[in-house]
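I opened my notebook today to look up a few places in one protein model. Come along and follow each entry with the structure beside you.

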Amino acid sequence: MAQLFFSDEQSFKEIEVDLWHEMAKSLAKSSHPFRYPSLATQSEEGPQQRTVVLRSVKSTAKELWFYTDGRSAKVQELAQDERAAVHAYHPRKKLQLRFKGSVKVLKSGEKWQEAFDGIPKNRYFEYSTQKAPGTGLDEVPEAYPSQPEQAAQYFRLLIFKTDQLEALQLNANRHFRVLFSYSQKELRQAQWLQP
Ligand SMILES: Cc1cc2nc3c(=O)[nH]c(=O)nc-3n(C[C@H](O)[C@H](O)[C@H](O)COP(=O)(O)O)c2cc1C
């Protein structure tokens, strides 16, 4: 068994700091599995989840930042219900993270501007296709035309704020599962769970 990312030999605080640090580490390494978590929302038909690129980690504020097109289904779903969950799994470390919280969808303001200014112009097409994401197409090439000058109009910054973070460390003989609960950005409770 490879070295464990966490176990009961560390304090809750040490584990919690390490988990946020590992999330943040993924930002600098495109092959890191935490770079591509799954974001879950609720739709009228039930739960929905999709892969997103992790764009920023604010460990102090317990925030995860994502980017998207404001016309996408997830944005409509978050307008109805801001509750969301983020899931990530690191196969080599055998470490699963489950974040529970809520998402604020930003389309202006200082944080939005900072995020938008960081996008290379040659990626504007990701936020400015002529057709809204999810639109049915008669022909695939209909998907290509974009209107880069509209990118600022459609670009959305999603700020996921964590209420709870649960981590599961798989281990051949003895798994470890821990739950951290936050309120007003502060760690309020930490507890081992039956895995
Ligand atoms: C590796 C990978 C990274 C992705 N990153 C993003 C992203 O950062 N933002 C985004 O909106 N969609 C991203 N997508 C596409 C989404 O998974 C999804 O297909 C799209 O956003 C439409 O989702 P929705 O209809 O639920 O809104 C990514 C897909 C993959 C496979």
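Entry one: I picked Phe160 and listed its contacts. Leaving out residues up to four places away in sequence, Phe160 touches Glu63, Leu64, Phe66, Ala84, Val86, Phe99, Gly101 and Val103. I kept in mind that this is a predicted model.

Entry two: I then asked which residues touch the most other members of the largest nonpolar core. They are Val86 and Phe160, in a core of 28 residues. I noted the elements that give two or more residues to this core: α1 (12-25), β4, β5 (83-90), β6 (95-106), β7 (155-169) and β8 (176-183). The largest share comes from β7, with six residues. A handy reminder for my margin: in soluble globular proteins, nonpolar side chains tend to be buried together.

Entry three: I moved to the ligand. Its surroundings hold 14 residues, and Arg50, Thr68, Ser72, Ala73 and Lys74 come nearest. Two or more residues of this shell come from each of β2 (46-51), β4 (63-69) and α2 (73-80). Sorting the shell by class, I wrote down seven nonpolar, five polar and two charged residues.

Entry four: I looked up Thr129, which sits in the loop between α3 (110-117) and α4 (151-154). Is Thr129 buried or partly exposed? I found 19 other C-beta atoms within 10 Å, and buried needs 20 or more, so Thr129 counts as partly exposed. Setting aside neighbours within four places in sequence, Thr129 is in contact with Ala143 and Ser146. I also checked Glu9, 120 residues from Thr129 along the chain: their C-alpha atoms are separated by 51 Å.

Terms used: Residues are numbered from 1 along each chain as its sequence is written. This is a predicted model: local features need pLDDT of at least 70, side-chain atom pairs count only at pLDDT 80 or more; totals for chains, interfaces and linings use all residues. A residue is near a molecule or strand if its C-beta atom, placed from the backbone, lies within 6 Å of it. Ala, Val, Leu, Ile, Met, Phe, Trp, Tyr, Cys and Pro count as nonpolar, Asp, Glu, Lys and Arg as charged, and the others, Gly among them, as polar. A residue is buried if 20 or more other C-beta atoms lie within 10 Å of its own, exposed if 12 or fewer, and partly exposed in between; C-beta atoms are placed from the backbone. Two residues are in contact if their C-beta atoms, placed from the backbone, lie within 7 Å. A nonpolar core is a set of buried Ala, Val, Leu, Ile, Met, Phe, Trp, Tyr and Cys residues joined through C-beta atoms within 7 Å.
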